Amino acid sequence: MWRLFAFILPVIRLYFIGVKVLIYQLLHKSFTLPVLPRQNGRVAIVTGGARGMGYETSRHLASLGTHVVIAGNEEEEGLVAVKKIQKQTGHRKVEFMYLDLASLKSVQQFVQRFKARGLPLHTLVNNAGVMLVPERKTEDGFELHFGLNYLGHFLLTNLLLDVLRDSGQSGGCSRIVTVSSATHYGGRLDLNDLQGRSCYCSHGAYSQSKLALVLFTYQLQERLWARADPVTANAVDPGMVDTDLYQNLCSPAQLAKKPVAKLLFRTPAEGASTAVYAAAASELEGLGGLYLYNGQKKISSASSYDKQLQEELWTKSCAMVGLQKA
C-alpha cells in the first residue's frame with residue numbers, strides 16, 4: 001500500500017501545480033522582453049539549444065550579437081538549428097558542439113574541446129532536460145531525470161567555472177542561467193535515495209531534478225559570493241510551454257493537453273523570454289541567487305532555501321560526478 005501511495009502522491013502534486021500554473025497563465029500575460037543591450041563580443045553556451053525554448057534562447061542571444069554555442073546530442077538537428085538561426089538573425093557566430101548530458105565522459109570531453117579553443121565564456125544557459133520518461137539509467141547508472149537534468153549540468157557548470165570567472169569582470173559579470181520549473185515546488189529530495197530505487201515514479205523523479213537545480217543554483221551563488229567571483233547564478237521558471245517535453249504524458253493526458261495547450265500554454269519563444277532576460281538584462285547585472293518567473297523575482301519552495309540541504313546535495317553531487325574538490 002505504501003508503494004502505491006508513494007507513486008500516486010507525486011503525480012497528484014505535479015498535476016495540482018500544473019493547474020495552478022495554467023490558471024496564472026490564463027490571468028496574466030506572458031512576460032514581454034524589454035530592449036536588451038547588445039552582447040557583441042560575449043560568448044554563450046546553451047544546452048539543448050537546438051529545439052524548443054533552447055532554440056529560442058539561442059536565436060534571441062544571437063540576434064543581440066552573442067557568439068552562441070549550441071550544445072546538444074543530436075548533431076544533424078543542431079546543424080540545422082545553426083543554419084536557421086544564422087539565416088533569421090544574419091549573425092554568423094552560431095555553432096554546434098556535441099554534448100550528451102547523460103554521460104559524464106561526454107561532459108568532460110565537451111569542456112576539454114571548448115577550453116582548447118581559448119574562447120571566453122560569459123553566459124552558460126543550463127536549459128536541456130527530459131520529462132516524465134519511463135525508468136531509465138544514464139551511461140553512468142544514474143536515474144535519467146536526476147542524471148541528465150541535474151548531474152550533467154552540475155558537472156558542466158563546475159568544469160566551466162574557471163572560464164566563467166576569467167571572463168567576468170567588475171561591471172560585467174559572467175552569468176549562469178539554469179532552467180528549473182514550477183514542479184520543483186512539489187519536489188522531494190531524499191538524499192538516501194536520489195535514484196528513486198525504493199519506488200520509481202517519473203513525476204516524482206522529474207520534480208526532484210528541478211528542485212535539485214534550484215538548490216544547486218543557490219549554493220553555487222553562495223560559493224561565488226564567498227570568493228568574490230564576477231559570476232552570478234540564477235534559476236528561471238519558464239511556465240508551462242508547448243514543447244516536445246510533454247511527449248511522455250499518458251494517452252488521456254495527451255488528449256486533454258492538445259486543446260488546453262492552444263489556449264493556455266506559452267509558446268517556446270514566450271517560455272524562453274525569462275531565460276534570455278536573465279542572460280542579458282542590464283538591470284540584473286551583479287544580481288544572483290534569484291528565482292525568476294515571468295520576468296519577475298519570485299519565492300521558490302521552502303525546501304530550496306534549506307542551506308544544510310543545499311550543502312549536503314552539493315557534497316553528494318561532487319562525489320557522484322567525481323569532483324573531489326568540493
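Here are three short exercises on the sheet and helices of this predicted model.

Before you start: residues are numbered from 1 along each chain as its sequence is written, and side-chain values use heavy atoms, with hydrogens and water left out. Since the model is predicted, local features need pLDDT of at least 70 and side-chain atom pairs count only at pLDDT 80 or more, while totals for chains, interfaces and linings use all residues.

**Exercise 1. Work out the strand order of the open sheet and find its edges.**

Step 1: Pick out the strands. Helices (H or I, at least four residues) and strands (E, at least two) are DSSP runs, numbered from the N terminus.

Step 2: Line them up. Two strands pair if DSSP finds at least two bridges between them. The open sheet has eight strands in the order 3-2-1-4-5-6-7-8, and the pairing is mixed.

Step 3: Look at the ends. Strand 3 (94-98) and strand 8 (296-298) each have a single partner strand, so one side of each has no neighbour in the sheet.

**Exercise 2. Follow the pairing around strand 4 and decide whether its faces are covered or not.**

Step 1: Recall the general idea. Strands of a sheet pair through backbone hydrogen bonds, either parallel or antiparallel.

Step 2: Go to strand 1 (43-47). Three bridges join strand 1 to strand 4, and the two run parallel; valine 46 has valine 125 as its bridge partner in strand 4.

Step 3: Now try strand 5 (174-179). Here four bridges join strand 4 to strand 5, again a pair that runs parallel, and valine 125 has valine 177 as its bridge partner in strand 5.

Step 4: Check the faces. Thr123 and Val125 on one side and Leu124 and Asn126 on the other are all buried (under 20% relative accessible area, 1.4 Å probe, protein chains only). Both faces of strand 4 are covered.

**Exercise 3. Describe how helix 4 (residues 104-116) packs on helix 5.**

Step 1: Get the geometry. The two helices pack at an angle of about 20 degrees, with their axes 9 Å apart. Axes are lines fitted to C-alpha atoms over the stretch in contact, and angles run from 0 to 180 degrees between N-to-C directions.

Step 2: Name the arrangement. Angles under 35 degrees count as roughly parallel, so helix 4 is roughly parallel to helix 5.

Step 3: List the touching residues. Contact means heavy atoms within 4.5 Å. Among them are Leu104, Val107 and Phe110 of helix 4 and Leu155, Leu156 and Leu159 of helix 5.

Key:
Angles under 35 degrees count as roughly parallel, over 145 as roughly antiparallel, 65 to 115 as roughly perpendicular and the rest as oblique. Buried means under 20% relative accessible area, exposed over 50%, partly exposed in between (1.4 Å probe, protein chains only).
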